[in-house]
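Please take me through this structure step by step in the viewer, telling me what to select next and what I should find there.

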Amino acid sequence: MSESGVPGITVLETGQTETGARRMLLNMGPQHPSTHGVLRLAVELDGEIVTKCVPDIGYLHTGIEKEFEVKTYQQAVTLTDRVDYLAPLSNNLGYCLAVEKLLGLEIPPQAQWMRVMLTELTRLNSHLVWLGTHAMDIGAMTVFLYCFREREEILKIFEMFSGQRMMTSYFRIGGLALEPPRGWHQRIKTFIDSFPSKVDEYEDLLTTNRIWIGRTKGVGRMTLEDMLDLGVTGPMLRAAGLKIDARRDDPYTSYEKFDFEIPIRTESDVYARYQVRVEEMRQSARIVRQALDGEKMKTQMEALIYHFKIVTEGFRVPEGEVYQVIESPRGELGFYVVSDGTTSPYRVHMRTPSFGNLQATPRMVEGTLIADTIASIGSMDFVLGDTDR
Amino acid sequence: MDLILFGIFAVVAVLCAINVVVQTHPISSAISLVGVMGSLAVLYLLLGAEFIAAAQVIVYAGAIMVLFVFVIMLLNAGTEGKKGRSLMVQLLGAPLLVAFLGLTCYFVQRLFPQADEVHFGGFTGGTAKAIGEALFTTYLLPFEVTSVLILIAIIGAIVLARKEMD
Amino acid sequence: MLPDNLRDHAVAAALAAFDAGATTGGKFERGELTLEIAPARIAGVCGFLKHDQNFVRLSSVTAVDRYPAEPRFEVVYHLHSIQPYGRLRLKCRLSGAKPEIESVTAVWRSADWYEREVFDLFGIVFRGHPDLRRIMLPEDWEGHPLRKDYPVTGSRV
Amino acid sequence: MDSFIVISLIKVAVLFAVLLTTLAYLQWVERKVIAHIQVRPGPYRVGPHGLLQPLADVIKLITKEDLMPSYVNRTLYLAAPFIAITMALLSICVIPFGPTIEVAGVRTWMQMTDLNIGVLFVLAVSSMGVYGIALAGWASNNKYSLLGGLRSSAQMISYELPLSLAIASPLLLANSLSLREVVGKQAGGVWTWNVLHGPFPQIFAFLIFLIAAFAETNRVPFDLPEAENELVAGFHTEYSSMKFASFFMAEYANMITVSCMATVLFLGGWTPPWPAEYGSRFVPTAIFALAGLVALYHGVNYARRRDKYSLPVFGVIFLAIAALFLLPMVQGWLLPLFWFFAKAGAILFAFIWVRGTLPRFRYDQLMGFTWKFLFPAAMLNLLVTGFLVAWFS
Amino acid sequence: MSTVPISYFLTLSAVLFALGVAGFLFRRNVITVFMSIELMLNAVNLSFVTFSYQLKKVDGHLFTFFVMVVAAAEAAVGLAIILTIFKNRKTLNIDEVDSMKD
C-alpha cells in the first residue's frame, strides 16, 4: 500500500486490491472543466467506476467570516455578495434580515416587496446558470447559451438597480441601497412576460430528449434519510419528496403574502432535481409577477430610503445573537450573527447551502460511473465561493 | 519501378521486423509490427493480390493490432526487464540465426532460379470477385468451419476475460 | 439547571426530564431558544434530541471565541426539526487551555465537515471524529484564523 | 506514363488545396451555424462576417508555443498527430467528385484515382486512424488522455462494424467495390439513388451509416473521447500548437470523408436529383441568384453597420456565380461538382445541427447502443437486401 | 520498368520468418512473443501470395485469407488469456508464468 498524496485515499498498488482489480487515482480538479470552480475531487477508479471519492475544498477560502469582525454592520453587506456570487442578493437579504432581527427593525412593506422581487430574480439568475452549466456538462451546448441569454437580461436589470451586474450589495440594513431607477417596472415586466416561454424552450431541448433522460434518470440517487443525515438542503431535498422551503416554513420579508407552489418530486435522481429547479423557475417568475402587480408597488417609493437615518447616524446593535434562515437558490442559507453591542459584528457565521450539499458527494457518486459523477455533482448546484467562504 | 518499390518496402518491412524483436517496450514492437503489415500490404498489391492487401490492412493492422495496442495500454505493461541469459545463447544465438537465414536463402535461390519474374499487373486474379467465387465454391467447407471457429473464439474470449467466474 | 422561564418550552422540558444535569442554562430571545449544555454530555443530548424530539437535521456547527474571557470558546449547534417546524440552538462552553469536546458525527453524519471547519478555524478538537483534518486551510497552516488573537491583517513570512 | 504522373500531381495539388481550405472553412461554417442556432452572431470581427477567422486561427495555432510535457514517450507522442492527419487526408483520394472532364485536351476523371477496391481502401485507411488517437492517449502519459484514448479505440472499433455492414448493402446493389461504378449505377434521378432505389430501399442503411459515422468521427452525441466535462480534452489534452491543430483537422477531414462516402454510396454522388433536360441544371443558378438577392436586400436594409458594405458585395458575388452556372462551357464539370458538394454539404450541416441540439451519451449507453441496436439492425438490413438482390437477379 | 525475381519475395519471407522465430525465442514479454507469432504468420502469408502469383492461381490468397481469420480468432483468445494471466500473476514475463497452479 502506498500513500496517494491525497489524505483519505490510500491507493493500493497494482493488483493488490481485495477484488484483484486495478485501481487508478484520478485528480479531478481543482482545474477541471466540470468541477465548476476550484473543487478538487480525488477519485479512485476501477475501470470507469468510481470506487472512492474524496472532495477537497478550500481552494477559494477567503476568510470572509474573519473579515466581518472588522467591518461595521453596514460595510459588511458587501462581503456577503462575494460568498455565493451567483446569488448575491439572497446573501444580502439573509445578512440584512439577521441584523434587522437583532435591531428589532421592521422595514417598510414597499421595500419588502422589492426585496422579494429582486431575490426571486436572483433565484432565476442562479438557476439559469445552473441549468446552463449542468446541460453543458452533459454535452448540450445550446441550452447553455440560451440560459445565459436570459441571465444577461437579469444582470442588466441588476445593473439598472444597483450599478453592478453581480456584486450588487443592493439590500442594506433597514431597506435598500438606492431608490429604484426610473423605468424599472416596465423593464422587469417585459422580461418576466417573455420568461415562461423561454423556459419552455429549454424544456423542449431537454425534458423529453431521450439522451438527456438516459443520462439523468436514475442517476445520482440518494435516499431522503441519507440526505437529511448529510445536511443536504434545497432543491435536492425537494426532489427527494420532502416539501421543505424556508419561504413557507418560516416566512420572512412578507413571503407569506405571495401565492406560489413548492414543486416536489420523489425520484431523487438527477432528472428529478432538474424538474424541480425548472418548476422553481416558473414559480419564481410567478412571484415576481405578483410583486410587480401588487398594490404596494404602485405607491410612491420614498419610504425605501428609510435607512438613510441609520446610515448617517450609524447604529449600535444591541447585544445578542440570532440565526436567520432564508431559502437561497441552493438551499438553506443561515446567518448566525453575534453582537456584543458595538458597531461591528462580534462573529458572523454563514451556514451556506453548498457546504452542506457538497458533503453528500461521496455518498452520491461512489459506485457509479465517472460520467455519472459529472451529472451528479452538476445536479448539486454548488458554488465554490459559497462552500469555502 | 517495380524493383524500386519492392526494394523500399522490403527494407521497411525488414527494419520494422527487426524493431519488433529488439524494442524493449511492447507498444513500440506493436507499432513496428503495424509497419511490417503495411509494407506487406503494398507488396501484396505488387503481386496482384488487391483484396488480400486491403484485408491485410483492415483485419491485421486495423483490428488485430489495435487489439494488441489496446491490451498493452490497458495493462500499462512496462518495459521488459533485462535478465542475464545463458552464455551459449548470447554467443551462439545471432550466428545461428544468420546461418539459418543463409541456408534458407540458398535453397530459395536454388529452387527458384531467376526465370520467373514479378511485375505489377502480371497476375490479376486476386480481385474480390475471384476470391469470393473460390470461397463459396471450392472452399465453402473451410469457410464455414472458420466462421464456427470465430464464434468459438468469441465465446472463449468472453469467458476468459470476464471479471470473475461465478 | 434549566432556568425556570424556559420550563414552558416543550423541548427544554423534555430535555430536562431526559437528563436533568445536561442543561446548564439557556435563554429565549427574539423568538430563538438557546440551551446551554454541559460539554461532556453533548453527544447524548444530541442523540436524544434527534431520536426523541425529531431534530432530524443539524443545520450547522460553529464556534464563537470570547477571548479573553474564560471559558473562552462557545461551540454552537443549530438544530432543525422539520415536522413540527422548530429550530434550537445548543451551546457548549469550553475553556481556552485545551478546547476539546465530543464529536456528534455519530448522531448526524453532516457534523463531519462542520466540525472539521471548527477544528480548522478555531482549533477545537472533536473527540471521536472519524477524520479530523484541516478542511479550508492547507495542511501545514499554522494557527487558527478565527480566534480573536489571530491578526486580521499582515502576512506570515 | 509521364502525362499520368503530371495529371496526378496536378490533381493532388488541386485536391489538397481545396481540401485544406474546406477544412478551415468548415470550421467557420460550423461556428456560424452553431452560433445562429444559439441566437448569436458567431465570428464577426476578423474580416467581413468573420470570413478571415480561419486564417487568424491558423496563425494563432502556428505561433503558439509548442509544449512537450516531460515523461512522454517522445516518438509516439510526435507520431500520433501525424498518423491521425495522414490517415484522415488519405481516404479522400479515392472519392469520385464528378464524371470525366476534358481540360486542355486531356480527358480525366474528377477523382484522384479509381481503385477497384475503393471502398475497402477507405475502410482500411479509416481503421488505421484509430492508432493516431490511441497512441496520442497512451504516449501523453496523462490519465485523462489515456482514458480518452482507450474510450476512443473501443468506440471506433465497435462502430466500424455497423458502418461496414451499412456500406455492404449498397455495394450489393452496385455489384462492385469501385466507388465510381457505385455512382454510375445510381445515375438517373433521385428514385435511382441507393437510398430510395433497389428491391429494398437503403434508407435504413443510410441512417445506420450516418449514426455510425457520427461515432467514427467522434462527434456529438458520441464525442466521448474528448468529452471535455469528464476527460478535460480526452486524448489531445497534452497537445498544443500545430500538433493539436493536426487532431482538429483530422476530425474535420474525417467528417468530410464520411459525408462524401455517404453521398457516393447512398445519394447518387454527382448525379442531379432529376435529369438535366427537365431543368435540374437551372437549380444552382436559381439558388445562387436567390442567395444573391437576399444578400442584396439585407445589404440595403442592414442590421449592423458593417453589413452595409459587405452584404452587397456578397450579393454581387453570388449573382456572378449564378450567371457562371449558365455558361454552357463550364456546366459540364461545374454542375456535377455542385450536386456533389450540395449533398455532402447537407450531411455536414446535419453534423453541425446535431451538435447544436443533442447532449452526450454515457459510455456504457454508447456501447450498448451499437451492440444491442445498431449492429443487429445493420445485420438485418444486409440480410434482407441480400435475399432480395438474389431473388430479383 | 524492371521486374522483381520471385526469389526475392521468398527471401524476404524467410528473413521475416527468421526474425519472428528470433523474437519468439528471445523475448520474455508474453505480448511480444505473441506478436512474434503474428510476424511469422505474416511471413508465411507473403510466400502464399507469391506462390499464387507464380502459379497464376487464386488459391494462395484463399489460404492467406484463412490464416488471417485464424490469426484474428487466435488474437482474441490469446489476449484474453494474457489478460487473465496478468490478473492472476501480476506479470507478463513468460519465465515467471511456468507453473500450472498457485
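**A tour of the chains and their contacts**

Begin by selecting chain E together with chain B, bearing in mind that this is a predicted model; across the interface of these two chains, three residue pairs are found in polar contact, with both residues of each pair at pLDDT 80 or more. On the chain E side, strand E1 (4–5), helix H1 (6–26), helix H2 (30–55) and helix H3 (59–89) each supply at least two of the residues that touch chain B. Colour H3(E) separately, since this helix gives the most to that side of chain E, with 25 residues. If you then colour by class, the side of chain E that touches chain B shows 46 nonpolar, 15 polar and eight charged residues.

Keep both chains selected and look at the interface as a whole, where 69 residues of chain E are in contact with 82 residues of chain B. The area buried between chain E and chain B is about 7000 Å², and carbon and sulfur atoms give 77% of that area. Now pick out Met35(E), Tyr53(E) and Met68(E), which lose the most area to chain B within chain E and together make up 10% of what that side buries. How many salt bridges are there between chain E and chain B? The count is zero.

Next, select strand E1 (residues 117–118) of chain B along with E1(E), and you will find that these two strands pair in the antiparallel sense over two bridges. To see one residue pair in detail, show Val118(B), whose bridge partner in E1(E) is Val4(E).

Step back to view every chain, and ask which chains share the most contacts. Of the six pairs of chains in contact, it is chains B and E that do. Two other pairs are worth selecting for contrast: no contact joins chain B and chain C, whose closest C-alpha atoms lie 33 Å apart, and chain C and chain D do not touch either, with their nearest C-alpha atoms 25 Å apart.

**From chain C to chain A**

Now select chain C with chain A, where the contact takes 46 residues from chain C and 45 residues from chain A. The area buried between chain C and chain A is about 3900 Å², of which carbon and sulfur atoms give 55%. Here the count is 10 salt bridges, and the interface also has 26 residue pairs in polar contact, both residues being at pLDDT 80 or more. On the chain C side, E1, E2, strand E3 (57–65), strand E4 (73–81), E5 and H3 each supply at least two residues that touch chain A, and E3(C) gives the most, with eight residues. By class, this side of chain C has 22 nonpolar, seven polar and 17 charged residues.

Zoom in on Arg109(C) and Asp229(A), which form a salt bridge with their closest N and O atoms 3.0 Å apart. Arg109(C) lies in the loop between strand E6 (100–102) and helix H3 (111–122) of chain C, while Asp229(A) lies in helix H8 (residues 224–230) of chain A, so the pair joins two chains. Arg109(C) counts as partly exposed at 34% relative accessibility, whereas Asp229(A), at 14%, counts as buried.

**Inside single chains**

Stay with chain C and select Asp120(C) and Arg134(C), whose side chains meet in a salt bridge (2.5 Å, N to O). This pair links distant parts of the chain, 14 residues apart, with Asp120(C) in helix H3 and Arg134(C) in the segment after strand E7 (125–127). Are these two residues buried or exposed? Both Asp120(C) and Arg134(C) are buried.

Then show helix H1 (residues 10–18) of chain C, in which Val11(C), Ala12(C), Ala14(C), Leu15(C) and Ala16(C) are buried. The buried residues of H1(C) pack against strand E1 (23–29), strand E2 (32–37), helix H2 (42–52) and strand E5 (86–94) of chain C.

Move to chain A and select Glu100(A) and Arg115(A), whose side chains meet in a salt bridge (2.9 Å, N to O). Glu100(A) lies in helix H3 (residues 88–103) and Arg115(A) in helix H4 (residues 109–137) of chain A, so the pair ties together parts that are 15 residues apart in sequence.

Finish at Thr168(A), which lies in the loop between helix H5 (141–162) and strand E6 (171–172) of chain A and is buried, with a relative accessible area of 6%.

Methods:
Residues numbered from 1 in each chain as written. Chains lettered and ligands numbered in written order. Predicted model: local features only at pLDDT ≥ 70, side-chain atom pairs only at ≥ 80, totals over all residues. Heavy atoms only, no water. Contact = heavy atoms within 4.5 Å. Buried area = accessible area lost by both parts, 1.4 Å probe. Salt bridge = Lys/Arg side-chain N within 4 Å of Asp/Glu carboxyl O. Polar contact = N/O pair within 3.5 Å; in protein donor to acceptor, adjacent residues only side chain to side chain. Helix = DSSP H or I, 4+ residues; strand = E, 2+ residues; numbered from the N terminus. Nonpolar A, V, L, I, M, F, W, Y, C, P; charged D, E, K, R; others polar. Pairing = 2+ DSSP bridges. Buried < 20%, exposed > 50% of the residue type's maximum accessible area, 1.4 Å probe, protein only.
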